[in-house]
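Trainee: Could you take me slowly through one part of this model, looking closely at how charged side chains meet there? I would like a single connected account, with each term explained as you use it.

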Amino acid sequence: MSATATKLKSQSTTKSDLRVIRRRGRSLIKRSGSRRTAPLVIVGCISVVAIIAGVLLTQVVLAQSAFKLQEINKRLAVSEERKEELLAEKALLESPGRIERYARTTLGMVPPTNIEYIVAEVRVGSDNRLADALKDGDLPLPGAASAVGSAP
């Protein structure tokens, strides 16, 4: 050993008379009842706090969802009212009387006085039955198109 190690050893023994005693088993350690239940109390408190925080968080989420649902219902009611107004306006604008009045006043249109039909020579198929029927006068002019389908 060196001189400093011997010197330190002699100083430490002179200052205190402490010794290390090795124990042979755990039975020498005596714990009180509060030391045994402390970990259980801590875990229990943490669990209770976590449950309360979870319930509060759930309540906050439910309240926010209810608020959003209320806002959506308000917007839905406003949209339904607007739809009804637009349907009423559409019905008004589509009325034949309004269209005729608009055509006469704004566009300056007048009802026709003489209606003339122009008949064109139309060749249908190789036998040309439609043109022959129109020349012979067998088909009335306004319903000529519907009579063509029933021709034999």
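Mentor: In this predicted model, the side chains of Glu-100 and Arg-104 meet in a salt bridge, with 2.6 Å from N to O, where the term asks for a side-chain nitrogen of Lys or Arg within 4 Å of a carboxyl oxygen of Asp or Glu. Both residues belong to helix H3, which covers residues 96-105, and they stand four residues apart, about one turn of the helix; helices here are DSSP runs of H or I with at least four residues, numbered from the N terminus. Glu-100 is partly exposed, with a relative accessible area of 43%, and Arg-104 is also given 43% and counts as partly exposed, a class that lies between buried, under 20%, and exposed, over 50%, with a 1.4 Å probe and protein chains only.

By this rule the count comes to two salt bridges, and another pairing joins Glu-85 and Arg-82 at 3.8 Å, N to O. These two residues lie in helix H2, residues 33-94, three residues apart, which is again about one turn of the helix. Glu-85 is partly exposed at 48%, and Arg-82 is partly exposed at 46%.

As for how the values were obtained, residues are numbered from 1 along each chain as its sequence is written, and side-chain values use heavy atoms, leaving out hydrogens and water. Local features need pLDDT of at least 70 and side-chain atom pairs count only at pLDDT 80 or more, while totals for chains, interfaces and linings use all residues.
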